[in-house]
Amino acid sequence: MKILLIGYGKMGQTIAALASAAGHEIVGIVDHQASDSKIADFTPDQVDAAIEFTHPESAFENVAACLRQGLPVVCGSTGWLHRFEEAQQLVADTNGALFYASNYSVGVNLFFHFNEYIAAKMNQFAASYDVQLTEVHHTQKVDQPSGTALTAAQGILAHFPSKTTWRNAPAQAPEELAVLSERRGDVVGIHEVRYASTADTITLRHEAHSREGFAQGALLAAGWLPGRHGVFGMNDLLGL
Ligand SMILES: NC(=O)C1=CN([C@@H]2O[C@H](COP(=O)(O)OP(=O)(O)OC[C@H]3O[C@@H](n4cnc5c(N)ncnc54)[C@H](OP(=O)(O)O)[C@@H]3O)[C@@H](O)[C@H]2O)C=CC1
Ligand SMILES: O=C(O)C1=N[C@H](C(=O)O)C[C@H](O)C1
C-alpha cells in the first residue's frame with residue numbers, strides 16, 4: 001500500500017515504523033517540521049490512502065485538502081468534531097472517502113461495544129447506581145475530554161436515559177454524566193466507566209500499553225478504505 005502520512009509526531013512515527021515493517025511504502029510525509037511537502041503535491045495515482053494524525057486545529061483543513069485532491073483519508077486526530085458535518089458534506093460533494101475513529105485500537109472498539117451493552121443493562125438499576133467516566137492521558141495531549149471519552153459518553157447517553165448530558169467536571173445534577181480528565185506523565189491512554197451504588201462498584205476499564213494498537217488499526221483502515229465512497233468508522237471495518 002502507498003501511504004501519505006500527514007503528521008509525523010508520536011502517532012505518525014509509530015505508523016511509519018509498523019507500515020515499513022509490513023512492506024508498505026510511505027510515499028510522502030506532510031508535517032510542520034519534518035517535511036516541506038504539501039497535501040496538494042500528491043495525486044491519487046501516487047497514494048492509496050492518506051493517514052492524518054496532527055492536531056485538533058489542523059485536522060479539518062487536512063481532511064478537506066485530501067478530499068479535494070481525491071485521496072482517501074484515514075483521520076485519527078481528535079478534538080475537531082464541531083467541523084465533522086462540513087467534512088461529511090465535502091465527502092458527498094467530492095464523492096470522496098473519509099474514515100474517522102476517535103480510537104483505532106480494536107480493544108477500545110470492543111470496550112465501546114461492552115460500554116453500550118452495560119449501559120443498557122444498568123438502566124434497569126439506574127435508581128441505585130450512578131455512572132461516571134474518567135480518562136487519563138499524557139501531559140502533551142491538547143484536547144479534553146479525549147475523543148475516546150466522548151464516544152464512550154455518547155454510548156452511555158444513548159443507552160442509560162437517566163443521563164441526558166455530560167460535563168467535563170464533577171456532575172452538578174443527577175442527569176449529568178461526569179466525564180473527568182486527568183493529564184499525567186506519559187500515560188498512553190486509560191478510559192474507565194464506573195457504576196457505583198452504596199453496596200458496590202462495577203468498572204469497565206481499558207488501558208493502552210503503547211501506541212501500536214492505534215497504529216495497527218489505522219493501517220487496517222487505510223487498507224480497507226480505497227475504492228469505497230462515503231464516511232466510515234471502526235464499526236464498518238470490524239463489523240461490531
Ligand atoms: N484516533 C486514535 O486512535 C488516536 C488519536 N490520536 C490523536 O491524534 C492526534 C495526534 O496525536 P500525536 O501523534 O500523539 O500528536 P503529536 O503532537 O505527537 O504529533 C502531531 C504532529 O503533527 C504535526 N502537525 C501539527 N499541525 C500540523 C499540520 N497542520 N500539518 C501537518 N502536521 C501538523 C505536529 O508538528 P508540530 O509539533 O511542529 O506542531 C506533530 O509533528 C491528536 O489529536 C491525538 O488526540 C492519538 C492517538 C490515537
Ligand atoms: O492524544 C492521544 O494520545 C490519544 N488520543 C485519542 C483520544 O483523544 O481519545 C486516542 C487515545 O486515547 C490516545
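## Strands β9 and β10

Glu192 stands opposite Arg205 in β10. This view comes from a predicted model. A second facing pair is Tyr195 and Ile202, the latter in β10. The two strands, β9 and β10 (residues 201-207), run antiparallel and are joined by seven bridges. A hairpin of four residues links β9 to β10.

In a regular strand, side chains alternate between the two faces of the sheet. Strand β9 (residues 190-196) shows this alternation. His191, Val193 and Tyr195 point to one face and are buried. Ile190, Glu192, Arg194 and Ala196 point to the other face and are not buried.

## Strand β6 on β9

Strand β9 also pairs with β6. The sense is antiparallel, and the pairing runs over seven bridges. Within it, Glu135 has His191 of β9 as its bridge partner.

## Annotated binding-site positions

An unreviewed UniProt entry places the feature "binding site" at His138, Gly147 and Thr148. His138 sits in the loop between β6 (130-137) and α5 (147-159). Thr148 belongs to helix α5.

Is Thr148 buried or exposed? Thr148 counts as buried because 25 C-beta neighbours lie inside 10 Å, and the cut-off for burial is 20 or more. His138 has 13 other C-beta atoms within 10 Å, so His138 is partly exposed.

Their contacts can be listed too. Beyond four places in sequence, Thr148 touches Ser102, Asn103, Val108, Glu135, Gly189 and His191. That list includes both Glu135 and His191, the bridge partners described above. With neighbours within four places left aside, His138 is in contact with Arg183, Gly185, Asp186 and Val187.

## The shell around ligand 1

How many residues surround ligand 1? The count is 27. The closest are Gly7, Gly9, Met11, His32 and Ser58.

Helix α1 (residues 10-21) supplies the largest share of this shell, with three residues. By class, the shell around ligand 1 divides into 15 polar, nine nonpolar and three charged residues.

## Two nonpolar cores

In soluble globular proteins, nonpolar side chains tend to be buried together. The largest nonpolar core here holds 43 residues. Ile51, Val74, Leu98 and Ala218 touch the most other members. Several elements give two or more residues to this core: the strands β1 (2-6), β3 (49-52), β4 (73-75) and β5 (97-100), and the helices α1, α2 (59-69), α3 (84-94) and α6 (212-224). Helix α6 gives the most, with six residues.

Ile51 shows how this core is connected. Not counting residues up to four places away in sequence, Ile51 touches Ile3, Leu5, Ile6, Ile15, Val74, Ala218 and Ala222. Apart from this core lies another, of 19 residues. Among its members are Phe111, Tyr129, Phe160 and Leu177.

Technical notes: Residues numbered from 1 in each chain as written. Chains lettered and ligands numbered in written order. Predicted model: local features only at pLDDT ≥ 70, side-chain atom pairs only at ≥ 80, totals over all residues. UniProt positions renumbered as here; feature names shortened; annotations may be inferred. Buried ≥ 20, exposed ≤ 12 C-beta atoms within 10 Å, placed from the backbone. Contact = placed C-beta atoms within 7 Å. Pairing = 2+ DSSP bridges. Near = placed C-beta within 6 Å. Nonpolar A, V, L, I, M, F, W, Y, C, P; charged D, E, K, R; others polar. Core = buried A, V, L, I, M, F, W, Y, C linked by C-beta atoms within 7 Å.
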